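Dear colleague,

I am passing on the structure we spoke of, together with a summary of what I found when going through it. Please read the notes with the coordinates open beside them.

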Amino acid sequence: FGTDVSKLVRAYRDDPWTLPLAQLPRVYLDDGSDVLSGNLGDASPMVGQAATDFTLRSLVQEKFRLSENHGRVVVLDFWASWCGPCVQTMPLVEQAVADAGSDHVQLVAINIQEPVARVQAAVDRLQMSSTVLLDVDGQVAAAYQANAIPQTVIIDRAGNVTHVFVGGGARFVAHFKEALETVVAMPEAGPPVDAAQSTE
């Protein structure tokens with residue numbers, strides 16, 4: 001733990017942005033309450049808005065800019081190696097994207113605030129084939145309101161957010177696959193609904 005534990009604890013408490021594990025969505029809870037009647041993934045205020053543009057570097061130091069993927073469906077999967085639901089769900093998300101066709105969909109796994117060595121170890125362990133980006137300062141995660149992970153965002157060919165899923169598990173994957181198939185089947189559209197601010 002080291003000798004500066006109290007200092008680190010104070011710094012953690014003062015951090016305005018902390019990242020917890022996602023809670024199970026209400027639609028999965030059997031608590032007698034009314035659940036969301038719409039399609040899972042459509043409750044976020046980001047849905048229907050232009051996706052915020054960003055530029056991040058990959059594990060191999062290649063630049064990825066979201067706006068350069070206009071014309072393709074993009075899936076942003078926010079994760080960390082310490083997040084059990086992320087690690088369990090990511091291979092299923094990769095498989096769902098592969099089933100939809102790599103010619104139509106770009107999967108981008110955005111790691112949040114972890115050292116490169118730890119990210120690489122997780123990628124090797126999970127045998128991930130998707131593009132892995134490093135959100136070193138957490139600014140992209142903050143722009144996409146990823147206050148809990150896993151969070152998965154689907155962006156259509158026009159650059160607009162269509163679905164935001166928070167949480168993992170088999171039921172999430174089923175809803176995600178259905179949503180992704182719907183977005184892939186959508187016809188080509190014009191530019192994003194509005195210019196979104198870039199996190200560059």
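The notes below go from the overall fold to the core, the aromatic pairs, the disulfide and the backbone.

Please keep in mind throughout that this is a predicted model. The chain contains five helices and seven strands, and, read from the N terminus, these elements follow one another in the order α-β-β-β-α-β-α-β-α-β-β-α. Of the 200 residues in the chain, 46% are buried, and the chain exposes about 10900 Å², of which carbon and sulfur atoms supply 51%. If one takes the contacts between residues at least 6 apart in sequence, 74% of them join residues that are at least 24 apart.

In soluble globular proteins, nonpolar side chains tend to be buried together. Here the largest nonpolar core comprises 37 residues, and those with the most contacts inside it are Phe54, Leu76, Phe78, Trp79, Ile110, Tyr144 and Ile155. Many elements contribute to this core, with at least two residues coming from each of the strands S3 (73–79), S4 (105–112), S5 (131–135), S6 (151–155) and S7 (161–166), and likewise from each of the helices H2 (84–100), H3 (116–126) and H4 (139–143). Separate from it is a second core of 17 residues, which includes Ala96, Val173, Phe176 and Leu180.

Turning to the aromatic residues, the structure holds six aromatic pairs. One of them is formed by Phe54 and Tyr144, whose ring centres are 6.2 Å apart and whose planes stand at 90°, so the pair counts as edge-to-face, the cut-off for that class being over 60 degrees. This pair links distant parts of the chain, since Phe54 sits in the loop between helix H1 (5–14) and strand S1 (55–58), whereas Tyr144 is in the loop between H4 and S6, 90 residues apart. Both Phe54 and Tyr144 are buried. Phe165 and Phe172 also form an edge-to-face pair, with 5.4 Å from centre to centre and 70° between the planes; Phe165 is buried at 2% relative accessibility, and Phe172 is likewise buried, with a relative accessible area of 2%. Ring pairs further link Phe54, Phe64, Phe78 and Tyr144 into a cluster.

The count of disulfides comes to one. It joins Cys83 to Cys86, with an S to S distance of 2.3 Å, and the link between Cys83 and Cys86 is right-handed, with 80° about the S-S bond. Cys83 has a relative accessible area of 0% and is therefore buried, the limit being under 20%, and Cys86 also counts as buried, at 0% relative accessibility.

Lastly, some backbone details deserve a look. The peptide bond from Ile149 to Pro150 is cis, with omega near 5°, and Pro150 is found in the loop between H4 and S6. Gln145 lies in the loop between H4 and S6 as well; its phi is near 55°, a positive value in a residue other than glycine, and Gln145 is partly exposed, with a relative accessible area of 38%. Gln113, in the loop between S4 and H3, has a positive phi of about 55° although it is not a glycine, and Gln113 is partly exposed too, at a relative accessible area of 41%.

With best regards

Notes
Residues are numbered from 1 along each chain as its sequence is written. Side-chain values use heavy atoms; hydrogens and water are left out. A nonpolar core is a set of buried Ala, Val, Leu, Ile, Met, Phe, Trp, Tyr and Cys residues joined through side-chain atoms within 4.5 Å. Buried means under 20% relative accessible area, exposed over 50%, partly exposed in between (1.4 Å probe, protein chains only). Helices (H or I, at least four residues) and strands (E, at least two) are DSSP runs, numbered from the N terminus. Contact means heavy atoms within 4.5 Å. Accessible areas come from the Shrake-Rupley method with a 1.4 Å probe; for residues, only the protein chains shown count as cover. A disulfide is a pair of cysteine sulfur atoms within 2.5 Å. Rings of Phe, Tyr and Trp (its six-membered ring) pair if their centres lie within 6.5 Å; planes under 30 degrees apart count as stacked, over 60 as edge-to-face and the rest as tilted.
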